Amino acid sequence: MIKITPAEFILLEILWEESPLSAREVFERRNREGSLQTVRTLLERLEGKKLIQRSDYHGIAVYAPLAKRGDVLAERQKDFLERYFGGNPVEGAAAFLSNAKLSGDELDFLRRLLDKKRKESRHDD
């Protein structure tokens, strides 16, 4: 499992939205939060983790994502569940749902998701 920091995730989000981008362009899309050097360092880390790729465009280094957003989110979810709920998705979901204010439509969506999971588990048995 590749671990990424919240700051690295923010840069990935920027690159998923638009790429390729130079380090300066990523920095500007972060509303100049932090420093350009920090952005460069984070981009180098992400490249080292093989989550983004660097290429040259007219002599300027530009970056584009290699990892898919869904894959990275799935890894972060697993890490979160392991860290705070001992890997138990039921405990994690229960903790979130017990504190959430959900609309009827949102509850209907969750019901359909649970029904789908139930059908899938019957096919696995």
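**Exercise 1. The sheet**

How many bridges join strand β2 to β3, and which way do the two strands run? Work this out for the predicted model, then place the remaining strand.

Solution.

Step 1. Take β2, residues 52-57, and look for its bridges to β3: there are 6, and the two strands run antiparallel.

Step 2. Check the register with individual residues. D56 has A61 as its bridge partner in β3, and Q53 stands opposite A64 of β3.

Step 3. Inspect the connection. β2 and β3 form a hairpin with 2 residues between them. In this turn H58 has a positive phi of about 55°.

Step 4. Add β1, which covers residues 21-22. It is joined to β3, residues 60-65, by 2 bridges, and this pair is antiparallel as well. L21 has Y63 as its bridge partner in β3. A cut-off matters here: two strands pair if at least two bridges are found between them, so the 2 bridges between β1 and β3 qualify.

Step 5. Assemble the order. The 3 strands form an open sheet, β1-β3-β2, with antiparallel pairing. β1 and β2 are the edge strands, each pairing on one side only.

**Exercise 2. Helices on the sheet**

Determine which strands α1 and α3 lie across, and then describe how these two helices meet.

Solution.

Step 1. Start with α1. It lies across β1, β2 and β3, and its direction makes an angle of about 90° with β3.

Step 2. Turn to α3. This helix lies across β2 and β3, at about 115° to β2.

Step 3. Compare the two helix axes. Helix α1 spans residues 6-17 and helix α3 spans residues 36-48; their axes come within 10 Å and cross at roughly 85°.

Step 4. Classify the angle. The range 65 to 115 degrees counts as roughly perpendicular, and α1 and α3 are therefore roughly perpendicular to each other.

Step 5. List the contact. From α1 it uses A7, E8, L11, L12 and L15, and from α3 it uses V39, L42, L43, R45 and L46. By class these residues divide into 8 nonpolar, no polar and 2 charged.

**Exercise 3. The pair α4 and α5**

Describe the packing of α4 against α5, then identify the pocket to which both contribute.

Solution.

Step 1. Two packed helices are described by the angle between their axes and the distance between the axes.

Step 2. Read off both values. The packing angle of α4 and α5 is about 85°, and their axes are 9 Å apart. That makes α4 roughly perpendicular to α5.

Step 3. Name the residues that meet. On the α4 side they are F80, L81 and F85; on the α5 side they are P89, E91, G92, A95 and F96. The contact has 6 nonpolar, 1 polar and 1 charged residues.

Step 4. Go to the largest pocket. α4 (69-85) and α5 (89-99) each supply at least two residues of its lining. The space in this pocket is about 390 Å³.

Step 5. Write out the lining: A74, Q77, K78, F80, L81, P89, V90, G92, A93 and F96. Sorted by class, this lining has 7 nonpolar, 2 polar and 1 charged residues.

**Exercise 4. The second largest pocket**

Which helix gives the largest share of the lining of the second largest pocket? Give the volume and the class composition too.

Solution.

Step 1. Take the volume: about 270 Å³ of space lies in the second largest pocket.

Step 2. Collect the lining residues, which are A93, L97, F109, L110, L113, L114 and K117.

Step 3. Assign them to helices. α5 and α6 (104-124) each supply at least two of the lining residues, and α6 gives the largest share, with 5 residues.

Step 4. Sort by class. The lining has 6 nonpolar, no polar and 1 charged residues.

**Exercise 5. Backbone details in two loops**

Where does the peptide bond with omega near 0° lie, and which residue has a positive phi of about 60° although it is not a glycine?

Solution.

Step 1. The bond from S19 to P20 is cis, with omega near 0°. P20 belongs to the loop between α1 and β1.

Step 2. The residue with the positive phi of about 60° is K50, which is not a glycine. K50 lies in the loop between α3 and β2.

Notes:
Residues are numbered from 1 along each chain as its sequence is written. This is a predicted model: local features need pLDDT of at least 70, side-chain atom pairs count only at pLDDT 80 or more; totals for chains, interfaces and linings use all residues. Side-chain values use heavy atoms; hydrogens and water are left out. Helices (H or I, at least four residues) and strands (E, at least two) are DSSP runs, numbered from the N terminus. On a 1 Å grid over the protein atoms alone, a cavity is a set of points where a 1.4 Å probe fits but cannot get out, and a pocket is an open set with protein on both sides within 12 Å along at least five of seven lines; lining residues have an atom within 4 Å of a point. Grid points are joined across faces, edges and corners, and a volume is the space filled by probe spheres set on the points. Ala, Val, Leu, Ile, Met, Phe, Trp, Tyr, Cys and Pro count as nonpolar, Asp, Glu, Lys and Arg as charged, and the others, Gly among them, as polar. Axes are lines fitted to C-alpha atoms, for helices over the stretch in contact, and angles run from 0 to 180 degrees between N-to-C directions. Angles under 35 degrees count as roughly parallel, over 145 as roughly antiparallel, 65 to 115 as roughly perpendicular and the rest as oblique. Contact means heavy atoms within 4.5 Å.
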